[in-house]
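Here is a short tour of one protein chain, written for someone who likes to have the model open while reading. Take a look at the sequence and structure first, and then we can walk through the details together.

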Amino acid sequence: MGRKYYCDYCDKRIQNDYNIIKQHNVGLPHLRAKAEYFQQFKSIEEILGEIKYKPPCRSLKDHSVCMFGVLCRYRHYTSEQIREMQQFVQRPKEFNPKRSERLRKYLRNVLVRTELFVKKRYNQHAMEKLPPSMIQIEDSSK
């Protein structure tokens, strides 16, 4: 028997035939699973841009689950949730002084250690690099 094709979005194995795979990829369950997968990577700005002009979904009013899910042409966010997202986007990025201070100290230590390493490695004289036994041999050969 041939190998099966595995769809990462749907978490299903199907027969490895071109026509069957093509038919699966245009099916509603696959499109919904793919849209839900990529929804998790969207930023809040992108989500706000998409739902800006959409009217509210009927399932939101009924407090039920929409059967279309991510593919629904209506929005599934309440006006309060949208307001919170807009406030989050408009809020300036908070500056964490403790973290930045630690990072500055770490970078300063890295620079100091690097300078010491370079100084030890390249600023020594050739005679200082040699072990004492080699220095004596060179002095006696002259």
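Rings of Phe, Tyr and Trp (its six-membered ring) count as a pair if their centres lie within 6.5 Å. With that in mind, and remembering that this is a predicted model, find Tyr9, Tyr37, Phe38 and Phe41, which ring pairs link into a cluster. The count of aromatic pairs comes to 4. Take the pair of tyrosine 9 and phenylalanine 38: the ring centres are 5.9 Å apart and the planes meet at 45 degrees, so this pair is tilted. Tyrosine 9 sits in the loop between S1 and S2, while phenylalanine 38 belongs to helix H2 (residues 28–39), so the pair ties together parts that are 29 residues apart in sequence.

**The overall layout**

The chain contains 8 helices and 2 strands. Along the sequence, the order of elements is β-β-α-α-α-α-α-α-α-α. Of the 142 residues in the chain, 13% are buried. Looking at contacts between residues at least 6 apart in sequence, 32% join residues at least 24 apart.

**The hairpin**

Strand S1 (residues 4–7) and strand S2 (residues 12–15) run antiparallel and are joined by 4 bridges. If you want one bridge to find by eye, tyrosine 5 has isoleucine 14 in S2 as its partner. The hairpin has 4 residues between the strands, and aspartate 11 takes a positive phi near 60 degrees there. As noted above, the loop between S1 and S2 also holds tyrosine 9.

**Helix H3 and a salt bridge**

Which residues of helix H3 (residues 44–51) are buried? They are Ile47, Leu48 and Ile51. Viewed down the axis of H3, these buried residues fall within an arc of 100 degrees, so they line one face of the helix. A general point helps here: an α-helix has 3.6 residues a turn, so residues three or four places apart point the same way. The cover over the buried residues of H3 includes H2 and helix H5 (79–90).

How many salt bridges are there? The count comes to 1 salt bridge. The side chains of lysine 42 and glutamate 50 form this contact, at 2.7 Å from N to O.

The table gathers the relative accessible area for the partners of the salt bridge and of the tilted ring pair.

| Residue | Relative accessible area | Class |
|---|---|---|
| Lysine 42 | 28% | partly exposed |
| Glutamate 50 | 37% | partly exposed |
| Tyrosine 9 | 30% | partly exposed |
| Phenylalanine 38 | 40% | partly exposed |

Lysine 42 counts as partly exposed because that class lies between under 20% for buried and over 50% for exposed, and its value is 28%.

**The annotated span**

An unreviewed UniProt entry gives the annotation "domain: C3H1-type" to residues 51–79. UniProt also places the feature "zinc finger region: C3H1-type" (unreviewed entry) at residues 51–79. In the model, the end C-alpha atoms of residues 51–79 lie 11 Å apart. What is the helix and strand content of the span? The span is 24% helix and 0% strand.

Definitions and conventions: Residues numbered from 1 in each chain as written. Predicted model: local features only at pLDDT ≥ 70, side-chain atom pairs only at ≥ 80, totals over all residues. Heavy atoms only, no water. Salt bridge = Lys/Arg side-chain N within 4 Å of Asp/Glu carboxyl O. Buried < 20%, exposed > 50% of the residue type's maximum accessible area, 1.4 Å probe, protein only. Pairing = 2+ DSSP bridges. Phe/Tyr/Trp six-rings, centres within 6.5 Å; stacked < 30°, edge-to-face > 60°. Arc of directions from axis to C-beta. Contact = heavy atoms within 4.5 Å. UniProt positions renumbered as here; feature names shortened; annotations may be inferred.
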